[in-house]
Amino acid sequence: MSGSADGTGSAARFNNPSGVAVDSAGNVYVADGDNSTIRKVTAAGVVNTLAGSAGETGSTDGTGSAARFFYPNGVAVDSEGSVYVSDGDSNTIRKVTAAGVVSTLAGSAGVSGSADGTGSAARFNNPTGVMVDSAGNVYVADQFNHTIRMVTSAGVVSTIGGVAGQFGHAIGYASVAGFYKPSGISLSPSGVIYVTDSNHRVVQGQQLSGFQPVLTLGGISALSTTGATLNGTVNPNGFVTTAQFEYGTTTSYGSTAAVTLSANSGTTAQNVSASLTGLTPNTVYYYRLSAVNVDGTQTTLGGMFTTTLSSNANLSALALNSGTLSPVFASGTVSYTASVGNAVNSITVTPTLADASGSVQVRSNGGTYASVISGSASGALALNSGSNTVDVRVTAQDGVTQKTYTVAVARGAATPTVDSPEAESISATGASLGGNVISDGGAEITERGVVYSVTASNGNPLIGGAGVTKVTASGTTGQFTAAVTGLVQETDYSFRAYATNSQGTSYTSVGSFTALTFHQSWRKAHFGSFANSGQAADDADPDSDGIPNLLERALNLPPNAASRVSENLRTAGGNLEYTYTRGSAAHHSGTTFQVEWSDDLTTWSTAGVGESLVSDDGAHQQVRATISAGSSRRFVRLRVR
C-alpha cells in the first residue's frame, strides 16, 4: 500500500522507495522516490520524514519540509549523520544534515550534462547510486553519462571512471573502463568501488588505491639572472591529475607554478615544465614537483639552483637637488646638462638602480668616486664657477659591467677666488707680496695685485682705503707676486692679494708682516745680513763656544766672541732652584724660555715648574725657576724658542 504517512512499523507508508543507507546507530535512511522525500527509520521501526514534502517536487534548499527533491534515487550517510542524496531528476547531489538542513553540494537543478567542476558548475545526468567514504568524498553512479563521479566535501566534482556519453564494458584503469547505465555503487574497506552496471547486467569492481601519480624531478634549463625553467615528468596513472612545481628561497617553498598535462588521466609519463620569471639574481632557490589525483598526492624530493649574477648596469631614475636635467631622464640616455646660479656652490644627485643588486658611485670634476645608496642623495659635490662635470658610475652585480651617466653642470659667473696671501723677501724697506687666483669666477680677470697699509693705521686694507697702497701684478689666474718698496723699519704691515673681473673684486684674508724684526736687527748688527743662514743662522756657532746663535741672541751674549751661559742650579728647602740670565729685548720680542726637568734624560716635563723675575737692568733679566727635587736624581734644562 503506497502513501507518505509517518508512523511505526506497518502504520508508515512509502511510495516507490529506491535508495537506502544505514548509519552506525542502526537508523535507516530511505530515498522515497515518488514521494520526493528523504525518510528516516529508527531501529525500532519509527518512520519520520527528514526532509522534503510528500508529493511536491522541486530543488529548493531549506530545512525539513521546506526543502524539495525531484524523484531522489540514492542515499548515503557519513559518520556525522549527514545524508547525501542523488536527486535524479534535478541532476544534483544534495546534502541533508542530521537536523534536516538541505543544501546542494554539486550540480545545477534541472540542467543535465557531464562537466566536471565545483558546485553548480558541475553537471550530472540522472545520478542514481551514491556512497560516501571516511574522508567525506561522495561517489556517484552518473547513470545516463555512463560514468562514475567523485565529489569532494568542498563540492569539487571529477570523473573517475568511464567516459561521458560513451558506454562500453572495457576493463582497466578507471579512466578507460566502460560502463553502461551504472546504477548502484559501493566502496569496500580495501578501497575497491563496486558498481552495478545495469544494462550490462554485471557488477564491476574498480581499484581506487595504488594509482597515485608517478613523478620524476628534472633539471633546470634557461637559467638566467631573473628566470629559470623547471622540468620533470608526470604519469597520471589513469586518473584525472593536476600537477604543479613548488619553489622558493627556502625549503618551505611558498610559491607554485602550475603545469599543463597533455592527457591529465593518461597512463604514461609526460614531460612537464614551468618557466619562472621575476627571480632575484645570484640567489639560491629550492624546487620540487607535486601532483594529485583521486588516489592521493605525490611529491618529489627537492632540487636547487642559483640564479646568475646580474649584468644590469642601468639607472631607473636620476635626480638633482638643484637645476633640471635636460633631456628628461631615460635609462638609455647617458649624457645630460643642467644649469645653476652662482649661489649654488655644490649639488647632490640621487641615483636609483634599475637592479638593486648593483652599486653606484658619484664624483664631480674628475675627483674621487664616492659610493651612494640607491635612491638616496649623494654627499655634496663641489661646483666651480662655470663648467662642471658630474659622473654617476653604475657597476652591475657581476662586478664587470659598468655604465657611466654624465651631467654637465653650468654654474653662473662670480667674482674671482683668491687665497694664500704670502709675504717673502722682507727687508728693512721692501718685501715681495702675493697670492693665488684659483678661479676666475667664470669671467676674465682684468686686474690682480696686492694692497697694503701700516697695521696701526689700517689693519684691513682695501683698494681706495685710508693709507692703502696698491701694487698690480701681471697675469690672470695662478700664483703671483708683487714687489713693494718704501717700507718703514721695524713697522707692522697688513696686506691682501686681490683679483678683479666683470663681477667685481675679491680679496684674500688679511696677511701681515713686520719690517726689520728684532731678530733681523740682531743678525744685521752682528753679521751684516738679515737672512737666517750661514754664519747668521740660528743654529750656527761662529765663535765655537758651544752656544748657537739662537741662544746667543736669546741670552744677549756676543755671537762672535766665546762666552758662557749665566746659570746656576742648587737645592733649597727640598727643591731645586735653577737661575739663568736672558736678554730683555729677546724676551720682549716674543722669544720663549721654558725650564724643563727629567729623571731619565728621555722624558721632559714642565709640571710643577714655577718661575720668578729676580732682576731686570733693561738689557738682561735674571730669572729663578723652582722645581721639586724628586726622589733620587733630577736633570734640568732651559728650552728656548
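In this predicted model, the side chain of R149 is in polar contact with the side chain of D116, at 3.1 Å. A further partner of the R149 side chain is the backbone oxygen of S114, reached at 3.4 Å. R149 belongs to strand β14, which covers residues 147-151. Is R149 buried or exposed? Its relative accessible area is 0%, and because buried means under 20%, R149 counts as buried.

**Annotated spans**

Two stretches of the chain carry annotations in an unreviewed UniProt entry. The record gives "repeat: NHL" for residues 2-44. This span is 0% helix and 42% strand, and its end C-alpha atoms are 21 Å apart. The record also lists "domain: Fibronectin type-III" for residues 213-311. That stretch is 0% helix and 54% strand, with 41 Å between its end C-alpha atoms.

**The nonpolar core**

Which residues have the most contacts inside the largest nonpolar core? They are L315, L318, V349, V392, Y405 and V407, in a core of 24 residues. The elements that each supply two or more residues to this core are strands β27 (315-320), β28 (335-340), β30 (349-353), β31 (359-364), β34 (386-395) and β35 (402-411). In soluble globular proteins, nonpolar side chains tend to be buried together.

V392 shows what such a position looks like in detail. Leaving aside residues up to four places away in sequence, V392 touches L315, L318, V349, P351, V360, Q361, V362, K403, T404 and Y405.

**Two open sheets**

One open sheet is built from 3 strands in the order β36-β37-β40, with antiparallel pairing. Its edges are β36 (417-424) and β40 (478-484); each has a single partner strand, so one side of each has no neighbour in the sheet. From one strand to the next, the twist averages 20 degrees.

Another open sheet has 4 strands, ordered β44-β45-β48-β47, and the pairing is antiparallel. Here β44 (567-572) and β47 (610-616) stand at the edges, and each has a single partner strand, so one side of each is left without a neighbour. Neighbouring strands in this sheet are turned against each other by 20 degrees on average, direction ignored.

**Strand pairs**

The table lists three antiparallel pairs and, for each, two residues that face each other across the pair.

| Strand pair | Bridges | Facing residues |
|---|---|---|
| β37 (residues 431-439) and β40 | 7 bridges | G435 and F480 |
| β46 (residues 593-598) and β49 | 6 bridges | F593 and V640 |
| β47 and β48 (residues 620-628) | 6 bridges | D616 and Q621 |

**The two faces of β49**

Strand β49 spans residues 635-640. Which residues form its covered face? They are V636, L638 and V640, while F635, R637 and R639 make up the uncovered face. In a regular strand the side chains alternate between the two faces of the sheet. V640, on the covered face, is also the residue that stands opposite F593. The pairing of β49 with β46 runs antiparallel and is made by 6 bridges.

Note on methods:
Residues are numbered from 1 along each chain as its sequence is written. This is a predicted model: local features need pLDDT of at least 70, side-chain atom pairs count only at pLDDT 80 or more; totals for chains, interfaces and linings use all residues. Side-chain values use heavy atoms; hydrogens and water are left out. Buried means under 20% relative accessible area, exposed over 50%, partly exposed in between (1.4 Å probe, protein chains only). A polar contact is a pair of N or O atoms within 3.5 Å; within protein, one must be able to donate a hydrogen and the other to accept it, and residues adjacent in sequence count only if both atoms are side-chain atoms. UniProt positions are given in the numbering used here, feature names are shortened, and annotations may be inferred rather than shown by experiment. Two strands pair if DSSP finds at least two bridges between them. Axes are lines fitted to C-alpha atoms, for helices over the stretch in contact, and angles run from 0 to 180 degrees between N-to-C directions. A nonpolar core is a set of buried Ala, Val, Leu, Ile, Met, Phe, Trp, Tyr and Cys residues joined through side-chain atoms within 4.5 Å. Contact means heavy atoms within 4.5 Å.
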